[in-house]
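Reader: I would like to go through this protein step by step, starting from its secondary structure. Please keep the answers short.

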Amino acid sequence: SETFTAKVTRCEETHGGKYYFFFDNGQVWKQVKADRERYKDCSFNVTVTRDFFGFKMQPQGEPRRIRISRVK
């Protein structure tokens, strides 16, 4: 599996409750499934892991993983 770390510098919520995550390296990723989680402070480090189904983002220090897809 492929893994890299990055910093989320900004988030934007869509009308459907999904988020766009803007990374410090210029990449933009979109949340695949909406959840009840809200991101108020959008400045955190993440680990992104590629698996058989695509990509998962794990915020540093949190147990949950968020399924994401790359937009840019």
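Author: Helices (H or I, at least four residues) and strands (E, at least two) are taken as DSSP runs and numbered from the N terminus. The model is predicted.

Reader: How many helices and strands are there in the protein?

Author: Along the sequence, the pattern reads β-β-β-β-β-β. The count is therefore zero helices and six strands.

Reader: How does the radius of gyration of the protein sit against the globule rule?

Author: The C-alpha trace spans about 30 × 25 × 25 Å along its principal axes. For 72 residues the globule rule gives 11 Å, and the protein is close to that value, so it is as compact as a globular protein of that length. Its radius of gyration is 11 Å.

Reader: Which residues does the disulfide join?

Author: The structure holds one disulfide. Its S to S distance is 2.1 Å, within the 2.5 Å cut-off. The pair is C11 and C42.

Reader: Which parts of the protein does the pair C11 and C42 tie together, and how many residues apart are they in sequence?

Author: C11 belongs to strand β1 (residues 3–13). C42 lies in the loop between β3 (28–31) and β4 (44–51), so the parts tied together are 31 residues apart in sequence.

Reader: Is C42 buried or exposed?

Author: Buried means under 20% relative accessible area. C42 has 13% relative accessibility, so it counts as buried.

Reader: What is the handedness of the link of C11 and C42?

Author: The angle about the S-S bond is -110°. The link of C11 and C42 is left-handed.

Notes
Residues are numbered from 1 along each chain as its sequence is written. This is a predicted model: local features need pLDDT of at least 70, side-chain atom pairs count only at pLDDT 80 or more; totals for chains, interfaces and linings use all residues. Side-chain values use heavy atoms; hydrogens and water are left out. The radius of gyration is taken over C-alpha atoms; the globule rule is 2.2 Å times the number of residues to the power 0.38. Buried means under 20% relative accessible area, exposed over 50%, partly exposed in between (1.4 Å probe, protein chains only).
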